[in-house]
Amino acid sequence: MKILLGVGGGIAAYKAAELARLLMQQGHEVQVIMTRAAEEFVRPLTFAALTGRKALTDLFAIESAIEHISVAQDHDLLVIAPATADLMAKLAHGLADDFLTTLYLAFTGPVAIAPAMNVNMWQHAATQANLETLRRRGHRIVEPDSGYLACGMTGPGRLAAPEEIAEAIASETRKRRDLEDETILITAGPTQEPIDPVRFLSNRSSGKMGYALAEAAAARGARVVLISGPVNLAPPRGVETVPVRTAIEMRDKVFERLAPATIVVKAAAVADFHVANAPGQKIKKTAARISLELDPTPDILAELGRKKGDRLLIGFAAETQNLQQEARRKLESKNCDMVVGNLVGGADSGFESDYNQVTLALSSGENIPLPLAGKREVADRIFDEALKLRLALHGQQITLLTDGLKS
Ligand code: PMT
């Protein structure tokens, strides 16, 4: 695997050399990026000698004017060790004033962060808030060890052992390929139902949840087809994005692309109604009231449920109350294997937010309430539970087969 190793400027930077050596020993390619402060603790030449590659330090060096973009696109995983308090604050708030923090914003793959600092700094509310932001963003945090610190104090804040960081990377890698045999069809965003050539009915979906699902699936090796309503998001890397506008267009594209799909995830906020006989000309504004006649749109999820075959069908339920009951009702009425119930209408979850609070209703009868988390983290958890469910369902099939043989 091609690994980016970001090194922050703490006394634990010397341990990053040990980590680099270990990753090389495991057969990975390692490209080191150092902060200016890190160079005060370890010379770039040390990493060049260990990895066979020049350590990247200066964003404005001629040969690296846009190198942070190509370097970000050319690697599979970013691990930052040690991550100092200052570096964590910059990452959490999206500052980009050096090569490492700029590259972090350009990188779309999995990120592992191994903090190291003085115990008081680690326990400070500001550091813990930055840590929570990074965790909710779906990054793997390799918690610092407790023990004697370079500053003479004792407590949490010591960089985790290189072996533990390497294991965290390996576990992210294993997880990262667990969808490589899957073709996943995902819908995202709102639909727009024309009132006339100028106006339309729509909703507040930003597409973030569906795009997080597509990114998570692609990062874990799946072949992903994303059928997207109109959103202001860049198409995820490594994903085939198919733009649509109306519910009918979305339905047609879903069934056009359904055949190879092994998993379908319906995260789109599909309009339930469209305007009957929308005029071909702009409706002129007059003082008189106008009425719109609305017809129901095709229920794509229900139709998918009728044609499910042996694929895994995951629906969503956008509710403002009775979340668990509504999610289970939709699960049963639409023949889904899982329905992701999410509370919408609040500020911090559901539409437009970077976070979501969901309850997973599974066809196994289980309900799994998840804590408020970043949509990418929620997406990874949905796929984790989908794979477990598939195993359980597949196991049942094997049992039935065996039973058949017994009788
Ligand atoms: O896009 P974001 O801003 O990130 O917001 C995410 C989200 C809130 C939109 C997302 O998490 C979500 O809840 N998506 C489903 C929204 C929705 O339409 O929920 P619903 O309960 O109205 O529909 C239930 C299910 O039926 C959904 O899977 C929906 O895709 C599907 N449906 C609905 C109507 C229709 N005509 N066809 C459908 O397939």
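How many residues surround the ligand, and which are the closest?

1. The model is predicted. In it, 29 residues surround the ligand. The closest are Ser 206, Lys 330, Asn 342, Glu 352 and Lys 375.

2. By residue type, the shell around the ligand divides into 14 nonpolar, 8 polar and 7 charged residues. Helix H9 (208-219), helix H11 (300-306) and strand S16 (312-319) are the elements that give two or more residues to this shell. Of these, S16 gives the most, with 4 residues.

3. Backbone atoms of the protein also meet the ligand. An oxygen atom of the ligand is 2.7 Å from a polar backbone atom of Lys 266. For Leu 301, a backbone N or O atom lies 2.8 Å from an oxygen atom of the ligand. At Pro 298 the ligand atom is a nitrogen, 2.9 Å from a polar backbone atom of that residue.

4. How much of the ligand is covered by the protein? On its own, the ligand has 760 Å² of accessible area, and the protein covers 95% of this. The space that the ligand takes is the second largest pocket.

5. A separate point concerns a sheet. This sheet is open and has 5 strands, in the order S2-S1-S3-S4-S5, with parallel pairing. Its edge strands are S2 (29-34) and S5 (140-141), each of which pairs on one side only.

6. Within that sheet, strand S1 (residues 2-7) pairs with strand S3 (residues 77-83) in the parallel sense, over 4 bridges. To find one of these by eye, start at Ile 3: the bridge partner of Ile 3 in S3 is Leu 77.

Terms used: Residues are numbered from 1 along each chain as its sequence is written. This is a predicted model: local features need pLDDT of at least 70, side-chain atom pairs count only at pLDDT 80 or more; totals for chains, interfaces and linings use all residues. Side-chain values use heavy atoms; hydrogens and water are left out. A residue is near a molecule or strand if one of its heavy atoms lies within 4 Å of it. A polar contact is a pair of N or O atoms within 3.5 Å; within protein, one must be able to donate a hydrogen and the other to accept it, and residues adjacent in sequence count only if both atoms are side-chain atoms. Accessible areas come from the Shrake-Rupley method with a 1.4 Å probe; for residues, only the protein chains shown count as cover. On a 1 Å grid over the protein atoms alone, a cavity is a set of points where a 1.4 Å probe fits but cannot get out, and a pocket is an open set with protein on both sides within 12 Å along at least five of seven lines; lining residues have an atom within 4 Å of a point. A molecule sits in a cavity or pocket if more than half of its atoms lie within 2 Å of its grid points. Ala, Val, Leu, Ile, Met, Phe, Trp, Tyr, Cys and Pro count as nonpolar, Asp, Glu, Lys and Arg as charged, and the others, Gly among them, as polar. Two strands pair if DSSP finds at least two bridges between them.
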